[in-house]
Amino acid sequence: MARPKVFVTRQIAAAGLDRICAECDAEVWPEQLPPARDVLLRKIAGCEGVLTLLTEKVDAEFMEAAGAQLKVVSNYAVGFNNIDVPEATRRGVRVGNTPGVLTEATADMAFALLISAARHVVPSDKYVRDGRWKTWEPMGFIGLDLRGKTVGIVGMGRIGMAMAKKCHGGWDMRVLYVDHSANAAAEEAFAAQRVDFETLLREADFVSVHTDLNDTTRSMFNAQAFRTMKNTAVFINSARGPLHVQADLYNALKTGEIFAAGLDVTDPEPLLMDDPLLTLPNVVIAPHIASATVQSRNGMAEIAADNLLSGIAGQPLRAWVNPPK
Ligand code: DGY
């Protein structure tokens with residue numbers, strides 16, 4: 001029997017890729033950069049399944065180019081803002097994602113950014129490398145304390161919970177959160193208080209974003225939001241770049257409206273080399289690597305492979321974004 005044709009838009013961990021290659025007629029894009037759009041649309045023609053990354057826009061044009069036999073799009077990410085899910089649902093295309101396995105790694109990265117931004121870790125490293133470390137300086141690199149401060153979690157889902165746990169359990173922080181629904185587990189475990197967005201901005205010393213990117217959350221961190229935050233606040237975004245307005249973030253950091261920021265995500269990605277953020281010492285930026293640990297990436301590869309193979313077989317997906325209602 002002919003094996004199902006699939007396209008995998010990048011090399012992923014063998015934990016998932018080996019099974020896909022064993023069970024399918026799979027083509028794996030071998031390059032570091034994503035395929036150009038026209039190449040992608042050509043490669044997916046006739047595929048029953050496509051394994052995508054957040055760099056691939058999966059819209060009506062994509063599904064049209066794949067053809068009516070397309071059964072599943074398996075996204076190698078927990079976020080799926082790159083996919084037009086209603087359009088996929090309309091066409092009967094199953095959409096999978098990879099929740100759960102990257103929760104701790106992502107929260108670890110958010111915390112790493114928090115402490116790096118609060119304690120000038122990156123500029124002080126540069127200071128040493130530049131040969132400027134001459135003596136112990138009583139007034140050099142004075143940062144912020146963490147213990148007993150207030151963390152504001154925007155989006156108390158799995159990753160928000162893991163971040164709250166670190167901040168509350170490890171650093172005795174008071175936890176405020178914003179979410180569209182109450183999270184009883186967070187309220188019980190971390191005495192988390194659900195507040196409105198403005199209260200969170202006004203009261204939090206550290207604001208960490210863990211929400212989905214959608215039409216209601218896009219640009220929620222804008223000039224007004226940064227103005228409302230404390231001058232001593234640190235802003236952390238490990239979710240999606242367009243949740244913040246980058247020019248407004250730059251102004252807030254430049255003028256001292258907020259103390260510092262830690263970003264694992266930017267808008268656009270990759271960050272342009274002439275982005276003014278790169279001129280500031282009080283922002284630390286990582287290239288969207290929060291899930292980049294051995295365990296997380298293996299877990300993501302396994303779930304993505306399961307989703308792809310189940311979708312082709314017409315079975316329920318292990319992590320199914322658009323299950324039948
Ligand atoms: C996701 O999974 O959504 C991340 O951004 C990439 O790991």
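This briefing covers the domains, the empty spaces, some backbone details and the salt bridges of one protein chain. The model is predicted. The chain is divided into two parts, domain 1 (5-101 + 295-312) and domain 2 (103-285). The structure holds 1 cavity of 30 Å³ or more, and a search of the whole structure finds 19 salt bridges.

**Domains and their interface**

- Domain 1 is made of two stretches of the chain, 5-101 and 295-312, whereas domain 2 is given as the single stretch 103-285.
- The centres of domain 1 and domain 2, taken over C-alpha atoms, are 31 Å apart.
- In the contact, 7 residues come from domain 1 and 5 residues from domain 2.
- About 540 Å² of area is buried between domain 1 and domain 2, and carbon and sulfur atoms give 45% of this area.
- On the domain 1 side, the residues that lose the most area to domain 2 are Leu 54, Asn 81 and Gly 100, which together account for 59% of what that side buries.
- The rule finds 0 salt bridges across the interface of domain 1 and domain 2.

**The largest cavity**

- Rolling a probe the size of a water molecule over the atoms shows where empty space is left.
- The volume of the largest cavity is about 60 Å³.
- Its lining consists of Ser 116, Ala 117, His 120, Val 122, Pro 123, Ala 260, Pro 281, Asn 282, Val 283 and Val 284.
- Three elements give two or more residues to this lining: α5 (103-118), α6 (121-129) and β12 (283-285).
- Sorted by class, the lining of the largest cavity has 7 nonpolar residues, 3 polar residues and no charged residues.

**The second largest pocket**

- The second largest pocket has a volume of about 270 Å³.
- This pocket is lined by 15 residues, and those closest to its centre are Val 122, Lys 126, Leu 280, Pro 281 and Val 283.
- Val 122, Pro 281 and Val 283 appear in the lining of the largest cavity and are also among the residues closest to the centre of the second largest pocket.
- The elements α6 and β12 each give two or more residues to the lining of the second largest pocket.
- Helix α6 supplies the largest share of that lining, with 4 residues.
- By class, the lining of the second largest pocket has 11 nonpolar, 1 polar and 3 charged residues.

**Backbone details**

- Asp 267 and Pro 268 are joined by a cis peptide bond, with omega about 5°.
- A cis peptide bond also runs from Glu 269 to Pro 270, and its omega is near -5°.
- Pro 268 sits in the loop between β11 (260-263) and β12, and Pro 270 is found in the loop between β11 and β12 as well.
- Phe 141 is a residue other than glycine with a positive phi, near 50°.
- The place of Phe 141 is the loop between α6 and β6 (150-154).

**Salt bridges**

- Across the whole structure, the search gives 19 salt bridges.
- One salt bridge joins the side chains of Arg 90 and Glu 87, at 2.9 Å from N to O.
- Both Arg 90 and Glu 87 belong to helix α4 (residues 85-90), where they are 3 residues apart, about one turn of the helix.

Note on methods:
Residues numbered from 1 in each chain as written. Predicted model: local features only at pLDDT ≥ 70, side-chain atom pairs only at ≥ 80, totals over all residues. Heavy atoms only, no water. 1 Å grid on protein atoms, 1.4 Å probe; cavity = no way out; pocket = protein on both sides within 12 Å on 5 of 7 lines; lining within 4 Å. Points joined across faces, edges and corners; volume = space filled by probe spheres on them. Nonpolar A, V, L, I, M, F, W, Y, C, P; charged D, E, K, R; others polar. Domains from an automatic or database assignment. Contact = heavy atoms within 4.5 Å. Buried area = accessible area lost by both parts, 1.4 Å probe. Salt bridge = Lys/Arg side-chain N within 4 Å of Asp/Glu carboxyl O.
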